[in-house]
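Please read the following walk through a protein model with the coordinates open beside the text, so that each step can be checked against the atoms.

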Amino acid sequence: STTTTYYVDASFDGCTTLTRTGVTATINTIPTITGTTDGARCGAGTVTLGATASAGTINWYAAASGGSSLGTGTSFTTPGISSTTTYYVDATSNGCTTPTRTAVNANVYPLYNIVDDISICEGDSYKGHTTSGTYVENLLTVHGCDSTVTTNLTVNPMYDIVDDISICEGDSYKGYTETGTYVENLLTVNGCDSIVTTNLTVNPV
């Protein structure tokens with residue numbers, strides 16, 4: 001398990017070399033990956049990753065086994081990527097290579113551009129807005145990435161209609177045949193409460 005020196009001599013017809021010659025069996029230490037640093041960005045592009053090793057040269061790969069090295073060194077910049085991608089590292093020293101590769105993640109967090117079409121009824125509010133219009137919010141995601149939410153807000157009216165109606169005795173209006181005030185609570189086509197008040201006068205014949 002450690003470097004050891006052995007010795008040899010030669011014998012022939014009863015004669016032996018005067019001294020033995022040393023032969024060293026060198027045991028090289030297999031390197032290890034001692035640390036990795038994931039990278040991250042918002043939206044598509046390149047990501048810089050990092051790794052350290054106990055000794056030797058660090059090699060970067062796109063797969064956990066096989067394939068050609070993409071680069072060497074403690075730092076590696078990926079090609080342009082649009083989604084989170086895992087890369088792998090090993091280390092080689094004196095002809096010895098780590099037995100397995102270590103994963104390093106290049107995280108790509110999304111940017112959002114959301115458009116909401118919202119309708120409310122007059123008298124209500126949405127995110128504090130009470131009038132029709134387009135409202136833009138610039139926000140940060142949990143990963144600190146800029147995102148935009150655009151709200152196209154439509155405020156639908158509520159109606160309060162008063163009708164003064166006269167009919168002749170014997171006729172009817174909306175089923176009513178007597179003088180009086182009649183109130184109807186209705187919903188508009190957009191689902192907003194509306195009131196129609198009818199002041200009905202029934203004139204004698």
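In this predicted model, threonine 151 is placed in strand β16, which spans residues 146–156. With a relative accessible area of 2%, threonine 151 is buried, because the cut-off for that label is a value under 20%. Leaving aside residues up to four places away in sequence, the contacts of threonine 151 are with Asp116, Ile118, Tyr126, Lys127, Gly133, Thr134, Tyr135 and Glu137. Some of these partners can be placed in strands: Asp116 and Ile118 fall within the range of strand β14, residues 113–121, while Gly133, Thr134, Tyr135 and Glu137 fall within that of β15, residues 133–140.

The loop between β15 and β16 leads to the disulfides, of which the structure holds 2. In one of them, cysteine 42 is bonded to cysteine 145, with the sulfur atoms 2.0 Å apart, and the angle of -80 degrees about the S-S bond makes this link left-handed. The pair joins distant parts of the chain, since cysteine 42 belongs to strand β6 (residues 39–42) and cysteine 145 to the loop between β15 and β16, at a separation of 103 residues. As for accessibility, cysteine 42 is partly exposed, at a relative accessible area of 28%, whereas cysteine 145 is buried at 0%.

Another disulfide is formed by cysteine 121 and cysteine 192, whose sulfur atoms lie 2.1 Å apart, and this link is likewise left-handed, with -90 degrees about the S-S bond. Cysteine 121 sits in strand β14 and cysteine 192 in the loop between β18 (180–187) and β19 (193–203), so this bond ties together parts of the chain that are 71 residues apart in sequence. Cysteine 121 counts as buried, at 15% relative accessibility, and cysteine 192 counts as buried too, at 0%. When the bonded cysteines of the chain are numbered in sequence order, the pairing reads 1-3, 2-4. A further cysteine, cysteine 15, counts as exposed, because its relative accessibility is 52% and the label applies to values over 50%.

The surface offers one more feature to inspect, namely a nonpolar patch of about 290 Å² that is made by Tyr6, Val8 and Val23. Of these residues, valine 8 is located in strand β1, which covers residues 4–8. Valine 8 is described as partly exposed because its relative accessible area is 43%, a value that also satisfies the requirement of over 30% for residues that make up a patch.

Terms used. Residues are numbered from 1 along each chain as its sequence is written. This is a predicted model: local features need pLDDT of at least 70, side-chain atom pairs count only at pLDDT 80 or more; totals for chains, interfaces and linings use all residues. Side-chain values use heavy atoms; hydrogens and water are left out. Helices (H or I, at least four residues) and strands (E, at least two) are DSSP runs, numbered from the N terminus. Buried means under 20% relative accessible area, exposed over 50%, partly exposed in between (1.4 Å probe, protein chains only). Contact means heavy atoms within 4.5 Å. Patches are made of residues with over 30% relative accessible area and no salt bridge: like charges are joined within 9 Å, nonpolar side chains (Val, Leu, Ile, Met, Phe, Trp, Tyr) within 5 Å. Accessible areas come from the Shrake-Rupley method with a 1.4 Å probe; for residues, only the protein chains shown count as cover. A salt bridge is a side-chain nitrogen of Lys or Arg within 4 Å of a carboxyl oxygen of Asp or Glu. A disulfide is a pair of cysteine sulfur atoms within 2.5 Å.
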